[in-house]
Amino acid sequence: MTQPSHPDDVTRARLIPPVPVAVAPMAGGPSTPELVAAVVGAGGGGFLAGGMRTAAQMRAQVDALRALLGAEGPDRWGVNLFVPDAVNTAIPDAARTEAARSARTAAVAAYRAGLTADGAAGLPTAADVVPDPDAERADFDALLTAAEEQAWPLVSFTFGLPAADAFARLATAGVPAGATVTDATEARAALDHGAAFLVVQGHRAGGHRGTSDPAAEPTRAEMPTVLAAVRDVVGTGAASAMPVVAAGGVGTAEDVRALLTAGADAVAAGTAFLLTPEAGTSAAHRAAVAACAAGTRFSADDGRARTALTRAYTGRWARSLATAFMAEHPDAPAAYPEVNVLTKGLRAAAAAAGDLERVHLWAGTEAHRVREAPAADVLASLTP
């Protein structure tokens, strides 16, 4: 096999698999080395989920994935990392003032009071869930060090835009780093910071929206419109130095084909893989998605998935199957990770009790198309 001779060729070779579909990173359990290995082994690509994991945990995940793929295995995979507020350059200065921080803590306290009034017990205080910026910086730096020392093939950032130094640091180590964006403005900023590729996330995607500014209202423009605007920023054609992966609303091969036609070089799908045996999807999450696919619950009269965007569970916009908890708490503040930590015990208890109306059930708009099948079979069903 002829090896790529240019850094951009390396990025494209790793990011754009023979089957132009990658399994998206799904933090919180669904993403596993087994899932990524199965998709990569079947000709696709994939990302491990580094969100909410320590550097030591990600080192172990990478080791496990490489063991599954073999010493000479494909390198069409990477690791997705959350960008904590402490290192997120997209947060406006006004949001970092003492007054803004106090207002945010007060908003979290008010949300906590509402949850308590509704019967939630044992919740941590608003002060207890405030993150430590120094710890966030140290944890992020440790993950970058792991990427360098283990020579991860790719890194993608989401939840924010780190400084240009982070991209340069990984590039020096031979690790192409990209950014999740949701519009052309974010794409331009990522380009200016040195991103080697972009993951363009549409509003139909399940799970958290990857907006760079966590307080920003995410666009609801359809993906062809967003892709066209992003392509105006990064360029078009096979010679473009900026490969683009599209994510969101992918349930069929026709969906993949449409996104490739609209300007994507490859497509990422997450929800479609939730019921695979290789995924680490929780029992409650599996039950809900299976019920949606069967049309017995979380589905509309026309059989399509009932999903909605919410901040109720984590303090950051995310798409979930529509639950009673989401409807009851539309006023959650833009405060991640505070709200996420605040509701963690509540969600765990609900999952253990099988109460699907109080659990976060991340899923995209095509959740009704999900089927129980091996990951390789799901990939085959998405192959354009």
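**Entry 1: Arg 76**

I began with Arg 76, which I find buried, at a relative accessible area of 15%; the model I am reading is a predicted one. I place Arg 76 in the loop that runs between H3 and strand S3 (77-82). Setting aside residues up to four places away in sequence, I listed what Arg 76 touches, and the list holds Ala 13, Arg 14, Pro 17 and Pro 18, then Val 40, and then the run Gly 43, Gly 44, Gly 45 and Gly 46. For Pro 18 I also looked up the C-alpha separation from Arg 76, which is 9.6 Å, although the two residues stand 58 residues apart along the chain.

I then asked which backbone oxygens lie by the polar atoms of the Arg 76 side chain. The backbone oxygen of Val 40 is 2.7 Å from a polar side-chain atom of Arg 76, and for the backbone oxygen of Gly 44 the corresponding distance is 3.1 Å.

**Entry 2: H3 against H5**

From that loop I went back to helix H3 (residues 55-69), which packs with helix H5 (residues 133-150) at an angle of about 25°, the axes being 9 Å apart. Because angles under 35 degrees count as roughly parallel, I record H3 as roughly parallel to H5. The crossing in which H3 passes H5 is right-handed. On the H3 side I noted Ala 55, Met 58, Arg 59, Val 62, Asp 63 and Arg 66, and on the H5 side Ala 142, Leu 143, Thr 145, Ala 146, Glu 149 and Gln 150. Sorted by character, the residues of this contact of H3 with H5 come to 6 nonpolar, 2 polar and 4 charged.

**Entry 3: H5 against H6**

H5 has a further contact to enter, with helix H6 (residues 164-172): their axes come within 9 Å and cross at roughly 20°, so that H5 and H6 are again roughly parallel to each other. H5 passes H6 in a right-handed crossing. Asp 141, Leu 144, Thr 145, Ala 147 and Glu 148 contribute from H5, and Ala 166, Arg 169 and Leu 170 from H6. I count these residues as the division gives them, 4 nonpolar, 1 polar and 3 charged.

**Entry 4: His 208**

Last, I turned to His 208, which sits in strand S7 (residues 207-208) and is buried, with a relative accessible area of 17%. Which side chain makes a polar contact with the side chain of His 208? I find Thr 314, at 2.8 Å. With neighbours within four places in sequence left aside, the contacts of His 208 are Phe 159, Gln 201, Thr 314, Arg 316, Trp 317, Ala 318 and Trp 362.

Definitions and conventions:
Residues numbered from 1 in each chain as written. Predicted model: local features only at pLDDT ≥ 70, side-chain atom pairs only at ≥ 80, totals over all residues. Heavy atoms only, no water. Axes fitted to C-alpha atoms, helices over the stretch in contact; angles between N-to-C directions. Helix = DSSP H or I, 4+ residues; strand = E, 2+ residues; numbered from the N terminus. Parallel < 35°, antiparallel > 145°, perpendicular 65-115°, else oblique. Left-handed = near helix turned anticlockwise from the far one by under 90°. Contact = heavy atoms within 4.5 Å. Nonpolar A, V, L, I, M, F, W, Y, C, P; charged D, E, K, R; others polar. Buried < 20%, exposed > 50% of the residue type's maximum accessible area, 1.4 Å probe, protein only. Polar contact = N/O pair within 3.5 Å; in protein donor to acceptor, adjacent residues only side chain to side chain.
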